[in-house]
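Please walk me through this structure, beginning with its overall make-up and then following the helices and the loops between them. I would like the reasoning behind each assignment to be visible where a cut-off matters.

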Amino acid sequence: MTPTTAPAKQSTTTAKSDRPPEARAARTGRQTAADLAFLARALKAPALLDAAERLAERAQAESWTHLEYLVACLQREVSARDSHGGEGRIRAARFPAIKTLEDLDLAHLRGLTRQQLAHLGTLDFIAARENAIFLGPPGTGKTHLATGLAIRACQAGHRVAFATAAQWVDRLAAAHHAGRLQDELVKLGRYPLIVIDLCRDRDYAEKDVGEHDRGQL
């Protein structure tokens, strides 16, 4: 007689939670929110966290895909970083006054058409490493134009250095006397845009807020 053994039956155990579905869903939602907050802090992306919370209901209502929701949240974070970065670059440039292209009075721009201004506003001259030189009599908005273009460059992600011609001469002369002129030139070479304003320093104090700047770039 050959002994036989019956296969053991697999035992299964099913754990049942005493929590109602609503409680489990609430706990899951809280955990997800906590995880999202932690990950946003780790990525240093506060705008992403805010967007995820604000766009969640809209995404559900409009039946967004997961990728559409993710892209929308990331776009908010990128826009916020661009905005904050632009503000920081504007402060670092040390403009004597904040003047934008939108505030520029085209009637004062002699010899410059609206189409030419629009072309300058694309900042193609920066990418092409070309110079933009504005010449004309005082009070025609040359410094305003240069500042407006430089501010747009800051908002587009470019670092900008702004100073009057006299200030640039003093800065380079000081570097030369200190034996670090080459280092200073290398440092300035990292700026995509350098503005040289031929306006006298005292002109900034003499003009009223509403007047156009004097000087040349």
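Two residues are taken to be in contact when heavy atoms of theirs lie within 4.5 Å, and a residue is called buried when its relative accessible area is under 20%. The model is a predicted one. Its chain has nine helices and two strands, which follow one another along the sequence in the pattern α-α-α-α-α-α-β-α-α-β-α. Of the 217 residues in the chain, 29% are buried. Among the contacts in the chain with a separation of 6 or more, 65% are made by residues 24 or more positions apart.

Helix H3 is a convenient place to begin. It covers residues 66-93, and because each residue should add 1.5 Å, these 28 residues are expected to span 40 Å, which agrees with the 41 Å that separates the C-alpha atoms at the two ends. The buried residues of H3 are Ala72, Cys73, Glu77, Gly86, Ile90 and Ala93, and they pack against helix H2 (46-61), helix H6 (142-155) and strand E1 (160-164). An α-helix has 3.6 residues a turn, so residues three or four places apart point the same way. Just after H3, Arg94 takes a positive phi of about 60°.

The pairing of H2 with H3 can be described first by its geometry: the two axes come within 8 Å and cross at roughly 145°, and H2 passes H3 in a right-handed crossing. On the H2 side the contact is made by Pro46, Ala47, Leu48, Ala51, Ala52, Leu55, Ala56, Arg58 and Ala59, which meet Tyr69, Ala72, Cys73, Leu74, Arg76, Glu77 and Ala80 of H3. By class, this contact of H2 with H3 has 13 nonpolar, no polar and three charged residues.

The pairing of H3 with H6 can be read in the same order. Their axes come within 7 Å and cross at roughly 140°, and since an angle has to be over 145 degrees to count as roughly antiparallel, H3 and H6 are therefore oblique to each other. H3 passes H6 in a right-handed crossing. Here Gly86, Arg89 and Ile90 in H3 meet Ile151, Cys154 and Gln155 in H6, and by class this contact of H3 with H6 has three nonpolar, two polar and one charged residues.

The loops deserve attention as well. Most residues other than glycine have a negative phi. Leu123, in the loop between helix H4 (114-121) and H5, nevertheless has a positive phi of about 65° although it is not a glycine, and because its relative accessibility is 8%, Leu123 counts as buried. Arg129, found in the loop between H5 and H6, likewise is not a glycine and has a positive phi of about 55°, but at 78% relative accessibility Arg129 counts as exposed. Gly141 also lies in the loop between helix H5 (124-127) and H6, and Gly141 counts as buried because its relative accessibility is 0%. The C-alpha atom of Gly141 is separated by 6.4 Å from that of His108, 33 residues apart from it along the chain.

Further along the chain is helix H7 (residues 165-177), whose 13 residues reach 18 Å from the first C-alpha to the last, close to the 18 Å expected at 1.5 Å a residue. Just after H7, Gly179 takes a positive phi of about 75°.

Conventions. Residues are numbered from 1 along each chain as its sequence is written. This is a predicted model: local features need pLDDT of at least 70, side-chain atom pairs count only at pLDDT 80 or more; totals for chains, interfaces and linings use all residues. Side-chain values use heavy atoms; hydrogens and water are left out. Helices (H or I, at least four residues) and strands (E, at least two) are DSSP runs, numbered from the N terminus. The expected span of a helix is 1.5 Å times one less than its number of residues. Buried means under 20% relative accessible area, exposed over 50%, partly exposed in between (1.4 Å probe, protein chains only). Axes are lines fitted to C-alpha atoms, for helices over the stretch in contact, and angles run from 0 to 180 degrees between N-to-C directions. Angles under 35 degrees count as roughly parallel, over 145 as roughly antiparallel, 65 to 115 as roughly perpendicular and the rest as oblique. A crossing is left-handed if the near helix is turned anticlockwise from the far one by less than a right angle, and right-handed if clockwise. Ala, Val, Leu, Ile, Met, Phe, Trp, Tyr, Cys and Pro count as nonpolar, Asp, Glu, Lys and Arg as charged, and the others, Gly among them, as polar.
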